[in-house]
Amino acid sequence: MGNADSVVAQKRLARFRPDERPVIEGIFDKLCGNAPSVSYGKPGKVLSLDVLKMTMGTMASESMIKRVFQGIHSIDPGVPVPPGDGISHEQLVIFLADILRGTAEERAPLVLAMAESAKATATTTEHIRGFVEDLVSAAVQTLTHRGHLRAWQPDRMGDGPQGVKLLAEQLTSELKSSDENTCDIPCLEDWLFRIPAMAMFLELLIGEGLGVGLPSRPPPTLLPPCQYAPWSDLRCLVNIPLLMFLSPQLPAGHSAPWRLLFSTNIHGESFTRLVGNCKSRGPTVILVKDTKGHIFGGFASQSWEVKPQFQGDTRCFLFSVFPYMRVFTCTGYNNHYMYLNQGQQTMPNGLGMGGQHGYFGLWLDCNFGHGHSRARPRCTTYGSPQLSGDEDFKLDTVEVWAVGQPPEEQEQDEKKKSILDADPEVQAMMEMTGKTLHSQGLREPEEDEEQ
């Protein structure tokens, strides 16, 4: 392996399949061939910072590329490193192995070096946040450059740079430092172990940025597919970093396609239209922006149905987008996950999630344009604080996205039927054994599809 036989590098190389090892070893020479700024020394050649800038410049900022160079240069390959400020072959191989196939323990020193410096033993949460901002921005840039946006159109979406900062703050908030501001290696190890998104962002940037094509490991998927959105007429609240944050929280993850069901920018300010577009459409994500600029919403795990009872299950959650990104999952205190009602005189009419009547974690009134988020100190169902700027807020924008394939009409019909209808033999056996068919008296009358 190169001119110097590094035991450390050889062990790292063994993590890859035999057919992948030449690819990993060949990255150094490929970069050398693409760059005239390769330095040669007696012990061997090295790669300069300019080489990385030339290679990764379309997918990362200069500050992020400097961080990557700093991380690679911090590695002790176990053999003498050529003099100067360049990167050796062995250092690059070890870095690729630790980023693409490594553990949290192996990535933590690299993250520390990229956030602080090669010889640092600790850093601050502010420096980690700066590193994460650069990394998330590079991930978005890489997805865009490589054509991995999966039909999303950032120029018709929400504030991407603001989303980068908000996602970086959310990821950094998961750090559990020994004191309020200092992060050492054990702290970073714990963080990287608990937050898999960091490994995915690093893997995407390094794999795509350095042109590492491994047959067994395609680039990580960070976005769900956009199945439908009228982009020519739409300016949506969703942005790419928000999708990267929300989609892993959903039951189907990145595989669930998104399609727009309702937007006030397109369909107008009508609660009837909102209900008509969203009921019986499967799981949905609702986003709300109030007139104070706060953006928040909820995930409904089941189809919305108009009825005076609560619905949904423990997969539902509320979330905040601005001024901070957070997800608030079920507390188990009650089952008031979802509520949708219209045209009733004795029950509240509107759309709600969490809490109770009159004190929802998120409420959109049937008198469209108004809502509330009354959660003092916390929403009982989701543990969320007040999500809106004011407790009683005025709407600026509402949009609803279906997530997952649209439910089949046949499946909806089958849900209305008793299992006994689907299996007459079971019904006959129960009658023969004298079992009472309780479900026979509990059937709801068939409703016309068109109201």
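Let's start with helix H6: 10 of its 12 residues are buried, so the rest of the structure largely encloses it. Keep in mind that this is a predicted model. The buried positions in H6 are Ala-104, Glu-106, Arg-107, Ala-108, Leu-110, Val-111, Leu-112, Ala-113, Met-114 and Ala-115. Notice that the list includes Glu-106 and Arg-107 alongside residues such as Leu-110 and Val-111. The length of H6 checks out too: at 1.5 Å a residue, residues 104-115 should span 16 Å, and the end C-alpha atoms are indeed 16 Å apart.

Now for the aromatic rings. Counting rings of Phe, Tyr and Trp whose centres lie within 6.5 Å, the model has 13 aromatic pairs. Take Trp-152 and Trp-258: their ring centres sit 6.0 Å apart with the planes at 75°, and planes over 60 degrees apart count as edge-to-face, so that's what this pair is. Trp-152 is in the loop between helices H7 (125-145) and H8 (160-173), while Trp-258 belongs to strand S6 (residues 258-263), so to speak a link between distant parts of the chain, 106 residues apart. Both Trp-152 and Trp-258 are buried.

Another edge-to-face pair is Phe-296 with Phe-393, because their planes are at 80°, with ring centres 5.4 Å apart. Phe-296 comes from strand S8 (residues 295-300) and Phe-393 from strand S16 (residues 392-403), so this contact ties together parts 97 residues apart in sequence. Phe-296 is buried, at a relative accessible area of 0%, and Phe-393 is buried as well, at 4%.

Back to the tryptophans for a last look: ring pairs join Trp-152 and Trp-258 with Trp-231 and Trp-401 in a cluster.

Terms used. Residues are numbered from 1 along each chain as its sequence is written. This is a predicted model: local features need pLDDT of at least 70, side-chain atom pairs count only at pLDDT 80 or more; totals for chains, interfaces and linings use all residues. Side-chain values use heavy atoms; hydrogens and water are left out. Helices (H or I, at least four residues) and strands (E, at least two) are DSSP runs, numbered from the N terminus. The expected span of a helix is 1.5 Å times one less than its number of residues. Buried means under 20% relative accessible area, exposed over 50%, partly exposed in between (1.4 Å probe, protein chains only). Rings of Phe, Tyr and Trp (its six-membered ring) pair if their centres lie within 6.5 Å; planes under 30 degrees apart count as stacked, over 60 as edge-to-face and the rest as tilted.
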